[in-house]
Amino acid sequence: MTHPTPLPPAPAFPADEQQLEDLLATPSPALVADAARLDGDLVILGAGGKMGPSLARLARRALDAAGRTDLAVHAVSRWSDRAAAEALAADGVRPVTADLLDGDPAALPEAGNVVFMVGAKFGSAGNPAHAWAVNAALPDRIARRYRDARIAAFSTGNVYPLVDTASAGSAETDPVGPVGEYAMSCLGRERVFGYHAAVHDTRVALLRLNYAVDLRYGVLADIAAAVQAGEPVDVTTGHVNVVWQGYANEVALRALLHAHEEVFTLNLTGPETASVRRLAGLFAAEFGAEREGAVTAGTESGTALLSDASHCHALFGYPPVSLRTLVGWQAEWLRRGLPLSGRPTKFHVRDGRF
């Protein structure tokens with residue numbers, strides 16, 4: 001039986017963006033031990049997104065701590081934000097500028113390990129062809145380029161149908177049932193990687209994530225910002241899963257050692273089914289707002305997008321930052337006027353149109 005490796009105790013509140021980035025890039029002893037076992041350089045595809053820079057730094061620090069300075073971390077993106085690329089370079093990560101959709105995959109760096117983070121979600125309802133090109137066609141090009149590597153590919157819990165909120169959530173062995181073009185194209189991503197695993201023995205791990213939070217964005221930021229602004233929070237989608245982004249990054253990197261030609265599929269989220277109404281009430285108390293009913297609107301549906309991540313927690317331990325701690329951190333982040341990404345999660349969408 002595999003026993004979970006506990007992560008360190010929850011750290012102190014990160015009081016600014018630099019402290020937040022440092023926290024997200026601090027590897028646990030378990031990650032350092034796993035990093036020591038990696039064979040070959042690491043390529044992170046789509047490293048310019050919300051999670052990519054912190055994951056790249058985390059990987060570099062874990063490898064350094066493991067004494068694996070012989071392995072490079074390549075962060076691949078279009079890098080329209082040159083300052084972000086230069087900051088990664090200063091931290092020992094190698095930024096690579098590439099157009100993954102239309103460029104030549106052969107020009108990408110050699111690697112024994114790949115983290116695939118590329119995805120198209122928002123705007124997919126208005127441009128479904130683009131979503132399918134990015135989410136389902138691009139994985140074929142990448143899997144052919146890195147046929148002999150280990151690939152950990154981010155997917156999404158949206159490949160599951162909405163489930164009864166009284167349930168434990170969808171497990172990895174449950175039938176999929178994507179709603180909308182975005183979710184269907186993400187299932188296409190999974191099937192394409194699965195094809196290469198079956199036909200070419202490519203080692204694949206699929207990570208069905210929902211929803212990562214890092215204080216600048218996420219479900220908690222969406223709810224807290226609305227409460228702070230005195231805007232009612234719609235509770236029709238009344239329950240959610242969230243997980244600390246630092247944990248999600250750790251699991252993505254550690255999952256490389258679980259990648260297999262019989263695809264390793266893992267739900268990646270926190271252990272709780274969180275009530276949106278309850279979260280709004282907690283933020284109302286944090287901000288000194290009026291009673292809970294004044295900050296919510298609507299009636300909870302009996303279904304929601306929920307995942308059972310107990311297998312993930314059995315393998316990798318529980319997230320080191322609890323939901324209640326994250327609520328307190330998120331409220332303090334907003335009280336201090338610290339920056340948000342300005343990119344809402346749209347967690348409340350129920351028809352799959354993003």
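**Entry 1: the β-α-β unit.** I began with strand β2, helix α4 (residues 82–90) and strand β3 in this predicted model, and I noted that together they make a right-handed β-α-β unit. I then looked up how the two strands pair, and found that β2 (residues 73–77) and β3 (residues 94–97) run parallel and are joined by 4 bridges. For one position in this pairing, I wrote down that S77 stands opposite T97 in β3.

**Entry 2: strand β7 and its partners.** Next I turned to strand β7 (residues 203–209), which is mostly covered, since I count 6 of its 7 residues listed as buried. I found that β7 pairs with strand β5 (residues 150–156) in the parallel sense over 7 bridges, and that F154 has L207 of β7 as its bridge partner. I also found β7 paired with strand β12 (residues 264–268), again in the parallel sense, over 5 bridges, where L206 is matched with T265 in β12.

**Entry 3: the nonpolar cores.** I looked up the largest nonpolar core, which has 83 residues, and I listed I44, V115, F154, I223, W244 and L268 as the residues with the most contacts inside it. Helix α11 (residues 323–335) gives the most to this core, with 7 residues. Apart from this core I noted another, of 24 residues, with V76, A111, A120 and V204 among them. I followed I44 further and, leaving out residues up to four places away in sequence, I found that I44 touches residues including L55, V73, V115 and M117.

**Entry 4: helix α9.** I took helix α9 (residues 276–287) next, and noted that its 12 residues reach 16 Å from the first C-alpha to the last, close to the 16 Å expected at 1.5 Å a residue. At the start of α9, I found a side-chain oxygen of S275 within 3.4 Å of the backbone nitrogen of R277, and just after the helix I saw that G288 takes a positive phi of about 70°. I listed V276, L279, A280, G281, L282, F283 and A284 as the buried residues of α9, and I noted that what covers them includes α7 (219–228), β13 (274–275), β14 (296–297) and α11.

**Entry 5: S54.** Last, I asked myself whether S54 is buried or exposed. I found S54 in helix α3 (residues 52–65), and I entered S54 as buried because its relative accessibility is 2%, where the cut-off for buried is under 20%. Setting aside neighbours within four places in sequence, I recorded E21, L24, A25, Q245 and N249 as the residues in contact with S54.

Definitions and conventions
Residues numbered from 1 in each chain as written. Predicted model: local features only at pLDDT ≥ 70, side-chain atom pairs only at ≥ 80, totals over all residues. Heavy atoms only, no water. Buried < 20%, exposed > 50% of the residue type's maximum accessible area, 1.4 Å probe, protein only. Contact = heavy atoms within 4.5 Å. Core = buried A, V, L, I, M, F, W, Y, C linked by side-chain atoms within 4.5 Å. Expected span 1.5 Å × (residues − 1). Polar contact = N/O pair within 3.5 Å; in protein donor to acceptor, adjacent residues only side chain to side chain. Pairing = 2+ DSSP bridges. Right-handed = clockwise from strand over helix to strand, strands pointing away.
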